[in-house]
Amino acid sequence: MLLEAHAVSKSFGDFFAVRDANLSVGEGEIVGLIGPNGAGKSTFFNCLAGDAVPTSGKIIFDGQDMTKAPPEAHARLGIGRTFQVPATFEGMSVIDNVMVGAFLRHPHQGDARDHASRIIELTGLKAQMDLAAHSLGTPGRKRLEIARVLATNPRLMLLDESLAGLTPTELQEAIRLVRKIHEMGITIVIVEHIMEVIMTLAGRVLAFNQGHVIASGRPEDVVKDEAVIEAYLGRGSHRVRRRSA
Ligand SMILES: Nc1ncnc2c1ncn2[C@@H]1O[C@H](COP(=O)(O)OP(=O)(O)OP(=O)(O)O)[C@@H](O)[C@H]1O
Ligand SMILES: [Mg+2]
């Protein structure tokens, strides 16, 4: 297994945002994480990426205990995560933002710029590369957030609602980008409320509710799970569409 989370809990005072969550991710998988607002998905990502230290439990990445390691150690070992609210430097240009990620593996400016340029090309941001990050629209911001992380050469990418707020056409393009990233050999865990994204991309899904994993398995089985329908999808839900080819 590339990533193993054993009984991970994260509490704030008496409140458990994540409770006893288990997740194993094998190299090359795309795993989807679903669940209602406040279910603990982002908090779980924070624990996996070192942005929060779990209250209890254990996180192993590539055989190393990362439970209490800082975010920099996670990035260096190959865990990259996007933030639900993009962590871009607003006044800096698109290329400079991507270079911040590229510097992790390319300490020399020229190398970092070359690497960032390749990532910019790959993520479809070439036309906007010299614009300030704050001037981008939603699709550009989402791409930049992905590009910034991709530039760190991750082995595992944690995508937290990176495809939210897009038009149907932009969404299809973003799905293609995630596929491309996966084809580069990067393992992916993706949090998304848009079920089409989950059904299309994920080979396996975990459903969270109130900090617990309430179901896991193949996407087509999880969406039929009574507890998932009750807690999240609703009956006769518009959220669920058939998996597209
Ligand atoms: N730093 C914090 N202090 C206190 N409570 C927090 C903190 N961070 C998150 N929470 C609470 O933990 C719960 C889980 O939040 P989290 O952001 O992980 O949910 P989520 O599943 O990502 O939701 P969404 O789908 O809306 O993004 C929420 O009730 C939230 O208010
Ligand atoms: Mg969240």
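**Notes on a predicted model with two sheets and a bound ligand**

1. In this predicted model, strand S6 and strand S7, the latter covering residues 156–160, run parallel to each other and are joined over three bridges. One pair can be looked up directly, since glycine 80 has methionine 157 of S7 as its bridge partner. On the sheet that holds these strands lies helix H1, which touches strand S3 (30–34), S6, S7, strand S8 (187–191) and strand S9 (204–209), and whose direction makes about 155° with that of S7.

2. Where do S6 and S7 stand in the order of their sheet? The sheet is an open one of six strands, and its order reads S6-S7-S8-S3-S9-S10, with mixed pairing. Its edge strands are S6 (79–81) and S10 (212–217), each of which pairs on one side only. From one strand to the next, the twist averages 15°. As general background for reading such an order, the strands of a sheet pair through backbone hydrogen bonds, and they do so either parallel or antiparallel.

3. A further open sheet is made of four strands in the order S2-S1-S4-S5, and here the pairing is antiparallel. The edges are formed by strand S2 (15–25) and by S5, each pairing on one side only. Between S1 and S2, which run antiparallel, there are seven bridges, and within this pairing valine 8 has alanine 21 of S2 as its bridge partner.

4. Strand S1 (residues 3–12) is also joined to strand S4 (residues 56–61), by five bridges and again in the antiparallel sense; a reader who wishes to find this pairing in the model may start from histidine 6, which stands opposite lysine 58 in S4. S4 in turn pairs over two bridges with strand S5 (residues 64–65), antiparallel once more, and here isoleucine 60 has aspartate 65 of S5 as its bridge partner. Two residues lie between S4 and S5, which form a hairpin, and in the turn aspartate 62 has a positive phi of about 50°.

5. Which residues surround ligand 1? They are Phe12, Ala17, Gly35, Asn37, Gly38, Ala39, Gly40, Lys41, Ser42, Thr43 and Gln84. By character, this shell divides into three nonpolar residues, seven polar ones and one charged one. The largest share of the shell, three residues, is supplied by helix H1 (residues 41–49), the helix that also packs on the six-stranded sheet described above.

6. Why can helix H3 (residues 94–102) be called largely enclosed by the rest of the structure? The reason is that seven of its nine residues are buried, namely Val94, Ile95, Asn97, Val98, Met99, Gly101 and Ala102. The cover over these buried residues includes helix H4 (109–122) and helix H5 (138–150).

7. Two packed helices are described by the angle between their axes and by the distance between the axes. For H3 and H5, the axes come within 7 Å and cross at roughly 35°. On the side of H3 the contact is made by Val94, Asn97, Val98, Val100 and Gly101, and on the side of H5 by Leu144, Ala147, Arg148 and Val149. The residues of this contact divide into six nonpolar, two polar and one charged.

8. Valine 98, found in helix H3, can serve as a worked example of burial. A residue counts as buried when 20 or more other C-beta atoms lie within 10 Å of its own, and valine 98 has 31 C-beta neighbours inside 10 Å, so valine 98 is classed as buried. If its neighbours within four places in sequence are left aside, valine 98 is in contact with Ala116, Ile119, Ile120, Ala147, Arg148 and Ala151. Valine 98 and threonine 88 are 10 residues apart in sequence, while their C-alpha atoms are 9.1 Å apart in space.

9. Finally, the protein chain as a whole: it contains nine helices and 10 strands, and of its 245 residues 45% count as buried. A compact globule with 245 residues would have a radius of gyration near 18 Å, and the chain has 18 Å, so the two agree. Along its principal axes the C-alpha trace spans about 55 × 40 × 30 Å. Among the contacts with a separation of 6 or more, 63% are between residues 24 or more positions apart.

Key:
Residues numbered from 1 in each chain as written. Chains lettered and ligands numbered in written order. Predicted model: local features only at pLDDT ≥ 70, side-chain atom pairs only at ≥ 80, totals over all residues. Near = placed C-beta within 6 Å. Nonpolar A, V, L, I, M, F, W, Y, C, P; charged D, E, K, R; others polar. Buried ≥ 20, exposed ≤ 12 C-beta atoms within 10 Å, placed from the backbone. Contact = placed C-beta atoms within 7 Å. Pairing = 2+ DSSP bridges. Axes fitted to C-alpha atoms, helices over the stretch in contact; angles between N-to-C directions. Rg over C-alpha atoms; globule rule 2.2 N^0.38 Å.
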